[in-house]
Amino acid sequence: MIVYCLLVFLSLVAADHDDNSCHDYSCTNNNVAAFDPFRKECYCHCVDESSCSHLNCPHPYCSHFWIFYKCQCGECNTDSHCHCAGGETPRCIKDVFGGHQCHCDPAPVTTTIPPKTTQKPTTTQKPLVKLECHHRKISVIESIAENLHVEDGRAELCPGTTKHQTPEAFVINKCNSTAKSSWSQGLSIKAICDNKLPHLEAYTPISTFTPNGEYLAGFFIACNDRGFKMAAQTCTEAPMIINITDFTRPHVSDFYTILS
Ligand SMILES: *[C@@H]1O[C@H](CO)[C@@H](O)[C@H](O)[C@H]1NC(C)=O
Ligand SMILES: *[C@@H]1O[C@H](CO)[C@@H](O)[C@H](O)[C@H]1NC(C)=O
């Protein structure tokens, strides 16, 4: 009986795979067909610059737009595509909705090293603590329902605008937190969802911490069978609920709780 069930199961899996090869699925604009194992359907995805040629791009680069699988134009794909004044450090910021934009980090300020003194420093560094604001849950939900960007002057500006409505603006505003530059990586959301760490309170603030990877911050809601659900806003999208999986960019293993 067990063997029979196993055979039936294997044949179903095999049939599923054969049916979903996507060979006959046609795509326009030089996109390529692939199979989404979760939605169980074929989709077209962007592979290279040629997928943007129909868009009349104002920018020279083209990249995969993570959540909808489509291509979008960007100012850059890597740091080397950005040009900054002498001394400044070019950075290609990968905002999942806002596209890829160039940013110039100011030149490091050279300071003269003060002479050594035997005096002890008068201020002590405050220890890092987990940023906690799940009690702000209702306020987060209200912002999603209102579908209006949350702005906070403590957050960075959205590139090319005068709006402080980046992903971290949502977190800073709801949690009355310090700016992202003072955040450190806490617990891994992947480990939490794999039950390797204790359960995480819904609406705990989380962020990615990969310096050159796709950046996103927001509020953890719940683990699900494919990853987890979070609330976030980006420069171009008002607060909304999104699913993070191993296939989205950023993906599940990029997210951590925040220490500040
Ligand atoms: C926000 O934080 C600042 C500084 O940490 C504090 O002075 C202020 O009272 C806080 N505001 C609220 C509403 O908690
Ligand atoms: C997220 O995934 C769940 C299934 O796990 C689905 O029911 C839900 O509609 C998805 N939400 C979004 C915003 O895509």
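Analyst: Welcome! Let's start with residue classes: Ala, Val, Leu, Ile, Met, Phe, Trp, Tyr, Cys and Pro count as nonpolar, Asp, Glu, Lys and Arg as charged, and the others, Gly among them, as polar. Keep in mind that this is a predicted model.

User: How many residues of each class does the shell around ligand 2 have?

Analyst: That shell has 2 nonpolar, 2 polar and 1 charged residues. Asn224, Arg226, Ile241, Ile242 and Asn243 surround the ligand. Strand β12 gives the largest share of the shell, with 3 residues.

User: Which strand is joined to β12 by bridges, and how do the two run?

Analyst: β11 is joined to β12 (residues 240–245) by 6 bridges, and the two run antiparallel. Asn243 in β12 is the bridge partner of Lys229.

User: What joins β10 to β11?

Analyst: A hairpin does, through 2 residues. There are also 5 bridges between β10 (residues 217–224) and β11, again in an antiparallel arrangement. Phe219 faces Ala231 of β11 across this pairing.

User: Is β11 mostly covered or uncovered?

Analyst: Mostly covered: of the 6 residues in β11 (residues 227–232), 5 are buried. As a general idea for reading strands, side chains in a regular strand alternate between the two faces of the sheet.

User: In what order do the 3 strands of the open sheet stand?

Analyst: The order is β6-β5-β9, with mixed pairing. β6 (99–105) and β9 (214–215) are at the edges with a single partner strand each, so one side of each has no neighbour in the sheet. β5 (residues 89–95) and β9 run parallel, joined by 2 bridges. There, Lys94 has Glu214 of β9 as its bridge partner.

Note on methods. Residues are numbered from 1 along each chain as its sequence is written. Chains are lettered from A and ligands numbered from 1 in the order in which they are written. This is a predicted model: local features need pLDDT of at least 70, side-chain atom pairs count only at pLDDT 80 or more; totals for chains, interfaces and linings use all residues. A residue is buried if 20 or more other C-beta atoms lie within 10 Å of its own, exposed if 12 or fewer, and partly exposed in between; C-beta atoms are placed from the backbone. Helices (H or I, at least four residues) and strands (E, at least two) are DSSP runs, numbered from the N terminus. Two strands pair if DSSP finds at least two bridges between them. A residue is near a molecule or strand if its C-beta atom, placed from the backbone, lies within 6 Å of it.
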